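Colleague: Could you take me through one part of this model in detail? I would like a close look at a single helix and at what surrounds it.

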Amino acid sequence: MTQIPAGSLSCDFPGCKQQFKYENVIDWISHGSNHFLPHPPPSTVNCTFCETQFSGDDPDNTWNQRMKHIKDHLIRDPRNNHPKKDFGVLDYLLEKQLISTDLYN
Ligand SMILES: [Zn+2]
Ligand SMILES: [Zn+2]
């Protein structure tokens, strides 16, 4: 994955280069969940930096938790742009046919 300028919240979706300022965290979180439309976010998602996994009955709430957690990583290490793939997200995108297999790999 490409590096981002310091001080940005970057979208971790395949093929998306969208970036947001730290103060626009709400926009960044909803931008991410909009990638799943017309579906809700997946019920199990992972951090793109560490092994933390998020799951629950409310996918929107789970998504919020994931993104706020990832935001803390991005702020602590702003040059480090999502070193891990979230296969919870990627498998879901593939299952819903929202991405093609070449973006997945
Ligand atoms: Zn995006
Ligand atoms: Zn983490």
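Modeller: Happy to; here is a walk around helix H2, starting from the whole chain and ending at a few backbone details.

First, the ground rules. This is a predicted model, in which local features need pLDDT of at least 70 and side-chain atom pairs count only at pLDDT 80 or more, while totals for chains, interfaces and linings use all residues. Residues are numbered from 1 along each chain as its sequence is written, and chains are lettered from A and ligands numbered from 1 in the order in which they are written.

The protein has four helices and four strands; these are DSSP runs numbered from the N terminus, with helices (H or I) of at least four residues and strands (E) of at least two. Along the sequence they follow the pattern β-β-α-β-β-α-α-α. The radius of gyration is 13 Å, close to the 13 Å that the globule rule gives for 105 residues, so the protein is as compact as a globular protein of that length. That radius is taken over C-alpha atoms, and the rule is 2.2 Å times the number of residues to the power 0.38.

Now to H2 itself. This helix covers residues 59–76, which makes 18 residues, and it reaches 26 Å from its first C-alpha to its last, close to the 26 Å expected at 1.5 Å a residue; the expected span is 1.5 Å times one less than the number of residues. Its buried residues are Pro59, Thr62, Trp63, Arg66, Met67, Ile70 and Leu74. Seen down the axis of H2, they fall within an arc of 125 degrees, so they line one face of the helix; the arc is that of the directions from the helix axis to the C-beta atoms. On the other side, Asn61, Lys68, Asp72 and Arg76 are exposed. For these labels, buried calls for 20 or more other C-beta atoms within 10 Å of the residue's own, exposed for 12 or fewer, and partly exposed lies in between, with C-beta atoms placed from the backbone.

What covers that buried face? The cover includes strand E1 (8–10), helix H1 (25–34), strand E3 (44–46) and strand E4 (53–55). Take Phe54 as an example: leaving aside neighbours within four places in sequence, Phe54 is in contact with Val45, Thr62, Gln65 and Arg66, a contact being two C-beta atoms, placed from the backbone, within 7 Å. From the H1 side, the buried residues are Trp28, Ile29 and Gly32. They too line one face, since they fall within an arc of 95 degrees seen down the axis of H1, and they pack against E1, strand E2 (19–21) and H2.

All this feeds into the largest nonpolar core, which has twelve residues, among them Leu9, Trp28, Val45, Phe54, Trp63 and Met67. H1, H2 and helix H3 (87–95) each supply at least two of its residues, and the largest share, four residues, comes from H2. Such a core is a set of buried Ala, Val, Leu, Ile, Met, Phe, Trp, Tyr and Cys residues joined through C-beta atoms within 7 Å.

Finally, the loop between H2 and H3 holds His82, which has a positive phi of about 50 degrees although it is not a glycine. His82 is partly exposed, with 19 other C-beta atoms within 10 Å. Cys11 and His82 are 71 residues apart in sequence and 9.0 Å apart in space, C-alpha to C-alpha.
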